[in-house]
Amino acid sequence: MKTKLLTAMLLLGCSSAMADTSLLVFGASHHGSCDSTRYRCDLNNNNPGLGLELAEPMVDYSLFVRGGSYRDSVRETAYFVAGGGRTEWEISNDVVVGAGVMVGYLNGSGMHGLAGLPFITVGGKLLQLEIGYVPEIHWKDRMMPATTTFNLRWQID
């Protein structure tokens, strides 16, 4: 509970210095092919949750801090706080694509510590789908399958 409170205070404390506020809506994941001899196979692909992002647009990229909580792949509540950057390209007046990376603290999804997530985005200027990818990794005496994540980022400010 203390970590969640500290996360909220960090995000709210940064809001005066950040220009854009976005709501994050977490929803789904897909795990690589199952191999029960190497890792757990009954993983949850339904991952609802919410988060908040505060971003500062620069000339060619944006820097951001974000935090949130979601139902993780092992059916427990996970939470995180992270910082990162992304760049976007306007394809047309209504379509934007982008790429970014974030690094921060994750408590959940079988992890309790530093984690990173590269992602791509596609959508409009205010609502975008973010698709993240973590390759198969070995973590503390076990293998974790490759995971693709899907969430929405809705810029509200």
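Me: Where does I156 fall: buried, exposed or partly exposed?

Reply: Heads-up: this is a predicted model, where local features need pLDDT of at least 70, side-chain atom pairs count only at pLDDT 80 or more, and totals for chains, interfaces and linings use all residues. Residues are numbered from 1 along each chain as its sequence is written, and side-chain values use heavy atoms, leaving out hydrogens and water. I156 sits in the segment after β10 (strands are DSSP E runs of at least two residues, helices H or I runs of at least four, numbered from the N terminus). The cut-offs are under 20% relative accessible area for buried and over 50% for exposed, with partly exposed in between (1.4 Å probe, protein chains only); since I156 comes out at 47%, it is partly exposed.

Me: How much accessible area does the nonpolar surface patch with I156 have together?

Reply: I156 shares the patch with V25, L50, L126, L127, L152 and W154. Patch members need over 30% relative accessible area and no salt bridge, with nonpolar side chains (Val, Leu, Ile, Met, Phe, Trp, Tyr) joined within 5 Å and like charges within 9 Å. Using Shrake-Rupley areas with a 1.4 Å probe, where for residues only the protein chains shown count as cover, the patch totals about 650 Å².

Me: What share of the residues in the chain is buried?

Reply: The chain holds one helix and ten strands, with the helix coming ahead of the strands in the order α-β-β-β-β-β-β-β-β-β-β. Over its 157 residues, the buried share is 38%.

Me: How many bridges join β7 to β10?

Reply: Strands count as paired if DSSP finds at least two bridges between them. On one side, β7 (residues 127–134) runs antiparallel to β6 (residues 111–123) over five bridges, and the hairpin joining those two goes through three residues. With β10 (residues 147–155), β7 is also antiparallel, and the number of bridges is eight.

Me: Which residue in β10 is the bridge partner of G132?

Reply: Start in β6, where F119 is bridged to G132 of β7. Carry on from G132 into β10 and you land on T149.

Me: What is the angle between the planes of F26 and F80?

Reply: Rings of Phe, Tyr and Trp (its six-membered ring) pair if their centres lie within 6.5 Å; under 30 degrees between planes is stacked, over 60 is edge-to-face, and the rest is tilted. A search of the whole structure turns up three such pairs. F26 and F80 make an edge-to-face one at 5.8 Å centre to centre, and their plane angle is 70°.

Me: How many residues apart are F26 and F80?

Reply: F26 is in β1 (residues 20–31) and F80 in β4 (residues 77–90), so they sit in distant parts of the chain. Both count as buried, F26 at 13% relative accessibility and F80 at 10%. Their separation in sequence is 54 residues.

Me: Which type of aromatic pair do F64 and F119 form?

Reply: F64 is in β3 (residues 62–71) and F119 in β6, so this pair ties together parts 55 residues apart in sequence. Both are buried, at 3% relative accessible area for F64 and 4% for F119. At 6.2 Å centre to centre and 55° between the planes, the pair is tilted.

Me: How far from the ring centre of F119 is the charged end of R66?

Reply: A charge sits over a ring if NZ of Lys or CZ of Arg is within 6 Å of the ring centre and within 35 degrees of the ring normal. R66 lies over the face of F64 at 4.9 Å from the ring centre. It also sits over F119, where the distance is 5.8 Å.

Me: What is the N to O value for the salt bridge of R153 and E130?

Reply: The rule is a side-chain nitrogen of Lys or Arg within 4 Å of a carboxyl oxygen of Asp or Glu, which gives seven salt bridges. R153 and E130 are both buried. Their N to O value is 2.9 Å.

Me: How many residues apart in sequence are E88 and R153?

Reply: These two side chains meet in a salt bridge at 3.2 Å, N to O. E88 is partly exposed at 35%, whereas R153 is buried at 3%. E88 lies in β4 and R153 in β10, so the sequence gap that the pair spans is 65 residues.
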